[in-house]
Amino acid sequence: MTSSFEFNTYPARLSDAERDKALKVLRDGVAMGRLSHDTFIHRMELALAARRPDELAVLTADLPQESRLARMVFGTVEAVSGFTVRLRRAWQAERLPKLLLPHPGSGYPLRIGRDPANGLRLTHETVSRSHAELTRQGGMWVLRDLGSTNGTTVNGRRVIGAAVVREGDQVGFGRMAFRLAVD
């Protein structure tokens, strides 16, 4: 017979952090070639359904875990790498030729491409005949790719359809790059 002060206790529910840690170990195992895709999917499903920490431990027991030192070293390398990428972009931005944004009152879009009829003609072989268009809409500048072969980019990201741009942005048409500036 149990007294009123005794009650059954159940194991604590797994936290999201514990589950995320196990899923990261599984993802790393796939990336290192230690797990096949099918095994990863199966173990991931088991990790999401697990109720106790020992169930998670079984799923990752055969995979190597990074030591604290390794995590610290890799974290430092990632931080330095991200900083150098940002530094390189900033350095290149000042060296890029300027592309002056049209006067807001011009009222018509600036077409960019190899065709002589464009407002801005770029004769590089990676630029399409009708590559992109720059327009003023609702007080903002919008850069629209016109189905170019080699793409239009804004700050290193490819434009799918259209993107809002502003002074200082780096824009690319094929392999030609510019920094947007105001007169």
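Student: How many bridges join strand 2 to strand 4, and do the two strands run parallel or antiparallel?

Tutor: Strands of a sheet pair through backbone hydrogen bonds, either parallel or antiparallel. In this predicted model, strand 2 (residues 110-113) and strand 4 run antiparallel and are joined by three bridges. Within that pairing, Ile-112 stands opposite Ala-132 of strand 4.

Student: How is strand 2 joined to strand 3?

Tutor: Strand 2 and strand 3 run parallel, with two bridges between them. Gly-113 has Arg-121 in strand 3 as its bridge partner.

Student: What order do the strands take in the sheet that contains these pairs?

Tutor: The order is 3-2-4-5-8, in an open sheet of five strands with mixed pairing. Strand 3 (120-121) and strand 8 (162-165) stand at the edges with a single partner strand each, so one side of each has no neighbour in the sheet. Strand 4 (residues 132-137) also pairs with strand 5 (residues 140-145), in the antiparallel sense and over six bridges. There, Arg-136 has Trp-141 of strand 5 as its bridge partner.

Student: What is the strand order of the open sheet that includes strand 1?

Tutor: That sheet has five strands in the order 1-10-9-6-7, and its pairing is mixed. Its edges are strand 1 (98-100) and strand 7; each has a single partner strand, so one side of each is left without a neighbour in the sheet. Strand 6 and strand 7 are antiparallel and share two bridges, with Thr-153 and Arg-158 of strand 7 as bridge partners.

Student: Which residue in the loop between strand 6 and strand 7 deserves attention?

Tutor: Asn-155 lies in that loop, between strand 6 (152-154) and strand 7 (157-158). Its phi is positive, about 55°, although Asn-155 is not a glycine. With a relative accessibility of 35%, Asn-155 counts as partly exposed.

Student: Which annotated feature does UniProt place at residues 110-159?

Tutor: An unreviewed UniProt entry places the feature "domain: FHA" there. In the model, the chain over residues 110-159 is 0% helix and 46% strand. The C-alpha atoms at the two ends of this stretch are 17 Å apart.

Student: Turning to the helices, how should one read the buried residues of helix 1?

Tutor: An α-helix has 3.6 residues a turn, so residues three or four places apart point the same way. In helix 1, the buried residues are Arg-19, Ala-22, Leu-23, Val-25, Leu-26 and Gly-29. They cover an arc of only 155° around the axis, which puts them on the same side of helix 1. The face turned away from that side carries the exposed residues Asp-16, Ala-17, Lys-21 and Ala-31. Helix 2 (37-49) and helix 3 (53-60) are among the elements that cover the buried residues.

Student: What distance does helix 1 reach from its first C-alpha to its last?

Tutor: Helix 1 (residues 16-31) has 16 residues and reaches 22 Å, close to the 22 Å expected at 1.5 Å a residue. After the helix comes Gly-33, with a positive phi near 80°.

Student: Which residues of helix 2 are buried, and which are exposed on its other side?

Tutor: Phe-40, Arg-43 and Ala-47 are the buried residues of helix 2. Viewed down the helix axis, they fall within an arc of 75°, so they line one face. Asp-38, Leu-48 and Ala-49 are exposed on the other side. The cover over the buried residues of helix 2 includes helix 1 and helix 3. Helix 2 has 13 residues and reaches 19 Å, close to the expected 18 Å.

Student: How does Leu-46 of helix 2 count: buried, partly exposed or exposed?

Tutor: Leu-46, found in helix 2, counts as partly exposed at 39% relative accessibility. Its C-alpha atom is separated by 59 Å from that of Tyr-108, which is 62 residues away along the chain.

Student: What do the overall values say about the protein?

Tutor: The protein has a radius of gyration of 27 Å, whereas a compact globule of 183 residues would have one near 16 Å. Its C-alpha atoms fill a box of roughly 90 × 40 × 30 Å along the principal axes. Buried residues make up 31% of the 183 residues.

Student: In what sequence do the helices and strands follow one another?

Tutor: There are four helices and ten strands. From the N terminus on, they run α-α-α-α-β-β-β-β-β-β-β-β-β-β.

Technical notes
Residues are numbered from 1 along each chain as its sequence is written. This is a predicted model: local features need pLDDT of at least 70, side-chain atom pairs count only at pLDDT 80 or more; totals for chains, interfaces and linings use all residues. Side-chain values use heavy atoms; hydrogens and water are left out. Two strands pair if DSSP finds at least two bridges between them. The expected span of a helix is 1.5 Å times one less than its number of residues. Buried means under 20% relative accessible area, exposed over 50%, partly exposed in between (1.4 Å probe, protein chains only). The arc is that of the directions from the helix axis to the C-beta atoms. Contact means heavy atoms within 4.5 Å. UniProt positions are given in the numbering used here, feature names are shortened, and annotations may be inferred rather than shown by experiment. The radius of gyration is taken over C-alpha atoms; the globule rule is 2.2 Å times the number of residues to the power 0.38.
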